[in-house]
Amino acid sequence: MTHSQSGRRRSVIAVGLLLALFGASHPGIQAAETAEPSGGISALASLTPADAGLALEIDQLGDYAARFMGGPLFQRLAGFPPLARWVGQNGTRLARFRGEFQRRFNAAPEKAWSGIFGGRALFAVWPPAPDSQNGPALLLVEARDRELLEAAVERIVALQRDSAGSQKSFSLSTGGQEYTVHVVGSQEKREQLFLATVGTLGIAANREELIRRVLALHASESHQEDAPRCLAELPGYLAANLRVSPEAAVRLFINPRPWDQGLWADWKRKPAESHDAHVQKAVIDTWCATDYVIAGLQLDGARATLETYAAWKAEALPQAVRDAAESFGGTAEFAAKIPQDALAAVAGRVDLGRLVWRFGLPAARAAASSNNESGLSPWQPDWLLPAALAQGIGPNFGACLAPCTPDGSAADGALQLPLQWTAALATGPLEPGDRRPPLAELAEPVLHSALTAAQAASDSNAAFAVKSLKLGDTRMTSVVGLPLVADRRFTFAYAVENGRFWLGSSPLAIRRSLDLAVEDSLASPRQLQTLKQPSQLLYLNLRGLRETLRAYPAVVEFLAAAKGLDRGVAQRRFQEALALGELADVAVLAFRLDESGPAFSLSISAEVPASPSMEAPDAR
Amino acid sequence: MRCAEFESRLNDVLDERLWLDSDPTLTAHVQHCRVCRELAASYEAMILGLEQSKVPAPSPAIAAGVLAALPGSCTGWDAPDVIRGPFRASPQAPAARRRLPGRRSTLLALAAAAAVGAIAVFWNTVAPDFRGPSDQANPIAARSNDSPATANVAVATSREEDLAAGADLSLPNAMAFFPGGASPTPSTSGGAAKTSSWMHDVSDGLKPVTSTTASAVTSFFELLAGNDEGSRS
């Protein structure tokens with residue numbers, strides 16, 4: 001067997017063992033009697049040296065997994081076509097890994113999972129020394145079954161002995177306590193693993209120094225230094241854990257500082273003026289401005305939520321990153337204008353003016369300079385107008401699709417969809433600090449005049465009408481049958497209110513959004529159940545979409561016609577879309593950027609949060 | 001016997017649902033070849049692993065859905081061959097030879113077969129559009145014909161593969177249905193390429209973190225899993 005074959009095989013086995021563990025967590029696993037998820041900072045963080053670069057913690061994952069797998073979301077996940085395909089392709093391999101685990105450790109993976117990993121576990125990694133490829137790594141396990149833990153360690157030692165690997169044991173004395181440490185290792189790669197058990201605590205480390213430090217922490221050896229000794233004393237770790245839910249079953253903490261040296265060393269190896277070096281410099285500067293990164297995964301029967309937070313010092317960020325962050329940061333105001341019964345919605349912020357002036361114009365200047373060298377015009381007129389207008393566009397935008405009841409008033413059997421849509425765009429003055437009106441208010445009379453002129457110029461028999469009505473200070477305009485494209489007529493409404501340009505399928509659709517109270521909108525935390533005040537938000541009410549599509553086959557016909565698909569293809573894709581949409585009832589993707597750093601949340605739920613009864617107004 | 005022949009012959013033995021010790025040549029070889037012994041043990045582990053696998057609980061709605069969808073003349077048991085396919089009668093080995101986990105309960109096998117049948121009928125009648133080419137390359141499921149324990153696995157695997165065969169249910173395909181949805185063909189647009197390049201640049205910049213972490217994790221769990229070193233003749 002060649003080295004590469006041997007390495008590949010061992011890699012497969014290592015990955016297999018991990019898969020076996022995770023693959024073992026099926027609904028058959030029973031929650032332990034005593035296990036109530038406790039969340040928060042675990043005792044294992046008190047045994048992990050503070051200079052760890054990364055720590056992955058699981059907390060009562062067995063219980064969470066059992067609850068999740070007994071719930072409706074997992075049932076849907078199991079039937080989700082992409083996942084089912086993967087399981088179908090790898091089911092045999094997973095079964096083999098389970099068997100391999102049983103063979104090696106004399107215990108079914110399910111038993112090992114609940115007895116050893118069913119409580120708390122922490123896996124930490126340190127950056128490698130400059131002359132080493134693999135960094136120190138540590139696994140701490142707070143087992144529920146002490147005997148099983150000890151048997152597993154004995155089995156690992158026995159396996160090593162049987163396979164002619166190196167194996168020895170020694171006693172280690174620290175803090176007045178004696179510990180037995182087993183050492184197993186690979187002669188080929190000259191790597192060693194140090195194993196110890198202390199009651200229900202299992203420790204595995206690939207460096208002797210590391211296991212000594214852990215045992216010293218366990219023995220509560222006194223120390224004189226002010227610096228934090230363990231993760232549980234590290235301010236970044238403490239702050240990070242306050243941000244994720246204490247109900248998180250899995251948490252990943254990244255401590256950026258220990259990695260700084262390795263990143264800079266890698267950067268120095270690149271040619272100074274190269275593109276790679278330039279980009280990596282910005283990446284490392286951002287990394288160095290980051291205090292911590294933490295991610296948490298919450299699981300319950302009907303919902304799974306992944307949340308990620310990073311904390312940075314905004315003033316230490318590279319200017320380009322700060323500009324980009326400020327362009328996409330802030331609170332998406334239009335989330336408060338999206339009704340809770342929306343089928344699909346997006347709301348966000350993009351400071352187009354800042355992006356264009358910070359990034360677009362310098363790029364155009366660079367392009368113009370190179371063109372100038374070849375005798376071409378130093379500027380291109382095609383980007384001048386967009387660049388001039390960009391300052392007045394945004395930053396807030398939003399759009400939503402909501403159900404409504406067709407009123408059957410369409411003439412000539414024209415299709416009436418049971419949907420209404422609304423889109424909104426905030427605008428401002430064309431120059432910062434300008435006291436002139438926002439762009440939308442400047443553009444509204446121009447647009448209205450253009451439509452009125454088009455109506456006057458059109459065939460008097462054509463069903464093209466432009467009507468306006470005044471709602472307080474807001475003029476709402478309804479356009480019916482606008483012949484924008486050959487054979488297709490468009491009906492919509494628009495309005496300008498406080499510098500915001502509204503476009504909708506009907507005046508009523510716009511009116512509904514304008515009058516919406518915050519507590520009846522998607523901005524209500526109860527509805528989103530995710531990040532508060534997101535900067536970017538994508539909301540999908542998959543159940544509502546499915547029900548609408550099933551109840552109104554005409555929607556499929558309409559979409560097929562819009563896409564130019566034949567009936568068979570459209571029906572098939574419709575079925576595919578429905579199958580994919582069966583995964584959950586609600587999916588919410590939210591992103592927030594502010595001075596403290598970026599935050600991200602992805603939540604899928606098998607139930608739609610109850611919303612106050614809201615009657616969708618009829619709309620055309 | 002040489003190692004190169006061992007695996008093939010072992011496969012033949014396992015195909016007949018027999019244990020290794022039913023073949024004296026193989027037994028003799030593993031006495032002195034540790035690597036082949038490990039290989040045989042890993043096959044054995046695989047079979048044991050398959051035995052442990054649980055049958056996924058069918059959705060409560062599936063039976064009603066299947067019954068509702070059955071054509072009047074088709075009962076589901078007399079129509080599709082695919083139902084009987086995975087459970088067709090297999091050649092019997094001599095009773096004296098030690099067999100892999102055998103029949104524990106005809107009832108259980110029938111129940112498992114019924115589940116497969118229901119799923120097969122469902123995929124053939126209710127959702128014919130979801131079916132794709134079936135995957136024949138599952139020797140484990142194929143050789144588990146009349147063993148209840150492994151038949152359970154066959155049920156699970158067959159269901160999973162049927163779902164997998166549903167197959168061309170891909171997000172790009174489905175999204176292409178909607179206005180503005182991307183074409184299922186790979187995009188080569190400049191925007192996508194730029195995004196990809198940007199992401200690549202960032203991930204490349206963080207390689208000293210990501211690659212060393214991956215390397216440390218792999219190395220650590222390799223050690224934890226134990227060595228499998230050796231050479232084959």
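**Figure 1. Contacts across chain A in a predicted model.** Let's start with the whole chain: among contacts in chain A between residues at least 6 apart in sequence, 69% link residues at least 24 apart. This picture comes from a predicted model. Chain A holds 19 helices and 20 strands. Of its 620 residues, 41% are buried.

**Figure 2. The largest nonpolar core and one of its well-connected residues, Val214(A).** This core has 130 residues, and those with the most contacts inside it are Ala124(A), Leu140(A), Val214(A), Ala335(A) and Ala342(A). Its largest share, six residues, is supplied by helix α11 (residues 207-225) of chain B. Now look at Val214(A): which residues does it touch, leaving aside its neighbours within four places in sequence? They are Leu47(A), Leu138(A), Ile203(A) and Ala205(A). Another core, of 13 residues, lies apart from the one shown here, and its members include Phe6(B), Leu20(B), Val30(B) and Ala40(B).

**Figure 3. Helices α9 and α10 of chain A packed together.** Here you can follow α9 (residues 260-268) and α10 (residues 275-288), whose axes are 10 Å apart. The angle between the two helices is about 170°. Angles over 145 degrees count as roughly antiparallel, and α9(A) and α10(A) are therefore roughly antiparallel to each other. The crossing of α9(A) past α10(A) is left-handed. On the α9(A) side, the contact is made by Asp260(A), Leu263(A), Trp264(A) and Trp267(A). On the α10(A) side, you will find Ala277(A), Gln280(A), Lys281(A), Ile284(A), Trp287(A) and Cys288(A). Sorted by class, the contact of α9(A) with α10(A) has seven nonpolar residues, one polar residue and two charged residues.

**Figure 4. Ser524(A) in a loop between two helices.** To find this residue in chain A, look in the loop that runs between α15 (507-515) and α16 (525-528). Is Ser524(A) buried, exposed or partly exposed? A residue needs 20 or more other C-beta atoms within 10 Å to be buried, and 12 or fewer make it exposed. Ser524(A) has 18 C-beta neighbours inside 10 Å, so it counts as partly exposed. Beyond its neighbours within four places in sequence, Ser524(A) is in contact with Gln340(A), Val518(A) and Glu519(A). Try locating Ala336(A) too: Ser524(A) and Ala336(A) are 188 residues apart in sequence, while their C-alpha atoms are 7.7 Å apart in space.

Conventions. Residues are numbered from 1 along each chain as its sequence is written. Chains are lettered from A and ligands numbered from 1 in the order in which they are written. This is a predicted model: local features need pLDDT of at least 70, side-chain atom pairs count only at pLDDT 80 or more; totals for chains, interfaces and linings use all residues. Helices (H or I, at least four residues) and strands (E, at least two) are DSSP runs, numbered from the N terminus. Two residues are in contact if their C-beta atoms, placed from the backbone, lie within 7 Å. A nonpolar core is a set of buried Ala, Val, Leu, Ile, Met, Phe, Trp, Tyr and Cys residues joined through C-beta atoms within 7 Å. Axes are lines fitted to C-alpha atoms, for helices over the stretch in contact, and angles run from 0 to 180 degrees between N-to-C directions. Angles under 35 degrees count as roughly parallel, over 145 as roughly antiparallel, 65 to 115 as roughly perpendicular and the rest as oblique. A crossing is left-handed if the near helix is turned anticlockwise from the far one by less than a right angle, and right-handed if clockwise. Ala, Val, Leu, Ile, Met, Phe, Trp, Tyr, Cys and Pro count as nonpolar, Asp, Glu, Lys and Arg as charged, and the others, Gly among them, as polar.
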